[in-house]
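Hello,

Please find the structure below, handed over for your use. My notes on what turned up follow it.

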Amino acid sequence: MTHKIAVLPGDGIGIEITEQAQRVLSALGLALEMESAPVGGAAYDALGHPLPPSTLALAKASDAVLFGAVGDWKYDSLERALRPEQAILGLRKALGLFANLRPAILYPQLANASSLKPEIVAGLDILIVRELTGDIYFGQPRGVRTVEEGAFKGERQGFDTMHYAESEVGRIAHVAFQAASKRKKRLCSVDKANVLETSQFWRDIMIEVAKEYPEVELSHMYIDNAAMQLVRAPKAFDVVVTGNLFGDILSDEAAMLTGSIGMLPSASLNASNQGLYEPSHGSAPDIAGKNMANPLATILSAAMLLRYSLNEAAQADRVEAAVQAVLEQGLRTADIYEEGTVKVSTSEMGDAVLKALH
Ligand code: NAD
């Protein structure tokens, strides 16, 4: 069976880094059909919209999307609906991508890059699963109103609505339990159940779904404590599942534990495991076109694509092992370079990963 992959390089370094990830995917000997289309600013320039219908149709017809990055300051004056970043929101919505998976892995070879002491963080390997389409970010009603009674009567008031439906919590719970069952079988659900009704409901559903995964140990933690524990003893976590708001903050915090933005992959999945895979970083206009961007986050995103959308776990392991191997050889792009290692370009890093695959 041939798997179809939509490759959307986007803007800035997106072009250079997806090229390297594509080379890696092509070298695996799998039956893959890869087709590229413009997205973001590049698509706006070529076709007048950051997510043209032809690009969206390609994404929908594919098993997975390999996405580079979008954005450039030159588009900042465009109306919001035409800005490059809208392409990501449009793809999430059109493909129903409700689960965001962000691993935070700190390879022992890069332990010095973290702001935490190496003994606390070296060898870190955790996965943050964030619900992506619900919560206070999308709840209605929202807006600014005039308070009608009480202490603030007559004042203007900003407000949002937090809610989660049973099926919304249930489906993200299943993604998280399934991910945990493929790892160390520990899942920590993060909420604020001591204060928020929505969180207590979230917790109740997590406990219900846990019955279907007896092999996974479920624990609960309040968001404030989780934020502390992530910097105090991050290696105590395996998989963390949380809502959109808390996940937004925790996934960035976890990412920064590793200190290397050029190393962090991510996946966004829908109910049929169709997914969008992209590095956690942006289009880095400051270094675009200079062949110096780190392609490893995108190559590791391609490994996630193999694991989650194509069900090719052995090939995913193979790509991840190749990345480990190049780090072990001391090869570093400029962003992760330190004295005593060998500085390489984007394409040289791609060459080294290809070589390590064989
Ligand atoms: P950024 O992530 O693009 O860059 C931040 C810093 O990290 C820069 O100094 C950059 O050179 C460096 N960097 C990022 N990725 C790197 C890599 N692979 N290798 C080496 N260095 C790397 O964030 P920013 O500068 O705040 O945003 C730039 C543009 O990207 C903006 O237009 C923003 O809207 C957009 N953006 C897009 C996405 C996305 O496509 N998902 C995410 C974040 C930002």
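Gly259 has a positive phi of about 75° and sits just after helix H9. The model is a predicted one, so please read everything here in that light.

H9 itself covers residues 244-258, which makes 15 residues. From its first C-alpha to its last the helix reaches 22 Å, close to the 21 Å expected at 1.5 Å a residue. Buried positions in H9 include Asn244, Phe246, Gly247, Leu250 and Ser251. Further along the helix, Glu253, Ala254, Ala255, Leu257 and Thr258 are buried too.

Cavities

Two cavities of 30 Å³ or more are present in the structure. The largest has a volume of about 80 Å³. Its lining consists of Asp135, Met162, Tyr164, Val190, Asp191, Thr198, Ser199, Trp202, Gly243 and Phe246. Phe246 is thus a lining residue of the largest cavity as well as a buried residue of H9. Strand S8 (186-191) and helix H7 (197-210) each give at least two residues to this lining, and H7 has the largest share, with three. By residue class, the lining of the largest cavity has five nonpolar, three polar and two charged members.

The second largest cavity holds about 30 Å³ of space. Strand S4 (99-105) and H9 are the elements that give two or more residues to its lining. The lining residues are Arg102, Pro103, Ala104, Ile128, Ser251, Ala254, Ala255, Leu264, Pro265 and Ser280. Among them, Ser251, Ala254 and Ala255 are also on the list of buried residues in H9. The lining of the second largest cavity divides into seven nonpolar residues, two polar and one charged.

Ligand

There are 20 residues around the ligand, and those that come nearest are Val70, Glu85, Gly282, Ala284 and Asp286. Which atoms of Asp286 and Ala284 face the ligand oxygen atoms in the polar contacts, side-chain or backbone? For Asp286, a polar side-chain atom lies 2.9 Å from an oxygen atom of the ligand. For Ala284, a polar backbone atom is 2.8 Å from a ligand oxygen atom. Asp72 also takes part through its backbone, with an N or O atom 3.3 Å from an oxygen atom of the ligand.

Regards

Terms used:
Residues are numbered from 1 along each chain as its sequence is written. This is a predicted model: local features need pLDDT of at least 70, side-chain atom pairs count only at pLDDT 80 or more; totals for chains, interfaces and linings use all residues. Side-chain values use heavy atoms; hydrogens and water are left out. Helices (H or I, at least four residues) and strands (E, at least two) are DSSP runs, numbered from the N terminus. The expected span of a helix is 1.5 Å times one less than its number of residues. Buried means under 20% relative accessible area, exposed over 50%, partly exposed in between (1.4 Å probe, protein chains only). On a 1 Å grid over the protein atoms alone, a cavity is a set of points where a 1.4 Å probe fits but cannot get out, and a pocket is an open set with protein on both sides within 12 Å along at least five of seven lines; lining residues have an atom within 4 Å of a point. Grid points are joined across faces, edges and corners, and a volume is the space filled by probe spheres set on the points. Ala, Val, Leu, Ile, Met, Phe, Trp, Tyr, Cys and Pro count as nonpolar, Asp, Glu, Lys and Arg as charged, and the others, Gly among them, as polar. A residue is near a molecule or strand if one of its heavy atoms lies within 4 Å of it. A polar contact is a pair of N or O atoms within 3.5 Å; within protein, one must be able to donate a hydrogen and the other to accept it, and residues adjacent in sequence count only if both atoms are side-chain atoms.
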